[in-house]
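Ready for some practice in reading a protein structure? Grab a pencil and work through each exercise before you peek at the solution.

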Amino acid sequence: MTEADLLELAAMSRANLGFLSTQIIAVQFALIAGVFLFLNRAGILLKLGILLLYSAGYVALLGLYYWEQAAYVSVREAIQALPEQSAASAAVIEWLQGPGTNVSALVNVLFVANWFVVAFFLFAPVLEDRDK
């Protein structure tokens with residue numbers, strides 16, 4: 001593959017990662033809105049079923065995210081293996097080794113935190129009713 005092909009793959013992979021991140025956030029907001037609008041008065045079995053289905057979908061989206069992230073790392077390694085690198089290739093590698101690593105770690109933490117937030121919002125009314 002040429003350097004231009006690798007840079008194009010890196011750009012497409014980075015765009016796919018952004019798209020998957022926004023999809024995950026959209027699913028989070030939709031479920032939180034659904035909890036407040038519809039599931040607030042639902043029974044515990046329905047809430048557990050929703051959490052199970054949500055978790056399965058969330059795992060699927062995360063799987064796609066990590067798969068794309070692995071492809072992005074592979075493209076970076078291919079760019080690093082080139083005998084001569086242009087300024088664009090050097091910029092891709094520099095970003096991935098610097099801020100890109102921190103962004104990836106932050107996204108991983110946010111994914112886990114988002115799942116717990118949704119689970120809390122789904123069951124918070126049940127816990128609140130027990131205290132009364």
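**Exercise 1.** Leaving aside its neighbours within four places in sequence, which residues is Glu-68 in contact with? Keep in mind that this is a predicted model.

*Solution.* Start by finding Glu-68: look in helix 2, which covers residues 44-80. Next, skip the neighbours within four places in sequence, and you're left with Ser-13, Asn-16, Leu-17 and Leu-20. Now zoom in on Ser-13: its side chain and that of Glu-68 make a polar contact at 2.8 Å.

**Exercise 2.** Work out whether Glu-68 is buried or exposed.

*Solution.* The relative accessible area of Glu-68 is 14%. Buried means under 20%, so Glu-68 is buried.

**Exercise 3.** Classify the ring pair Tyr-54 and Tyr-58.

*Solution.* The structure holds 3 aromatic pairs. For Tyr-54 and Tyr-58, the ring centres are 5.5 Å apart and the planes sit at 20 degrees. Planes under 30 degrees apart count as stacked, so this pair is stacked. Where are the two residues? Both lie in helix 2, 4 residues apart, which is about one turn of the helix. Tyr-54 is buried at 7% relative accessibility, and Tyr-58 is buried at 5%.

**Exercise 4.** Now do the same for Trp-115 and Phe-116.

*Solution.* Here the distance is 5.2 Å centre to centre, with 85 degrees between the planes. An angle over 60 degrees counts as edge-to-face, and that's the label for this pair. As for accessibility, Trp-115 is partly exposed, with a relative accessible area of 24%, while Phe-116 has 53% and is exposed.

Methods:
Residues are numbered from 1 along each chain as its sequence is written. This is a predicted model: local features need pLDDT of at least 70, side-chain atom pairs count only at pLDDT 80 or more; totals for chains, interfaces and linings use all residues. Side-chain values use heavy atoms; hydrogens and water are left out. Helices (H or I, at least four residues) and strands (E, at least two) are DSSP runs, numbered from the N terminus. Buried means under 20% relative accessible area, exposed over 50%, partly exposed in between (1.4 Å probe, protein chains only). A polar contact is a pair of N or O atoms within 3.5 Å; within protein, one must be able to donate a hydrogen and the other to accept it, and residues adjacent in sequence count only if both atoms are side-chain atoms. Contact means heavy atoms within 4.5 Å. Rings of Phe, Tyr and Trp (its six-membered ring) pair if their centres lie within 6.5 Å; planes under 30 degrees apart count as stacked, over 60 as edge-to-face and the rest as tilted.
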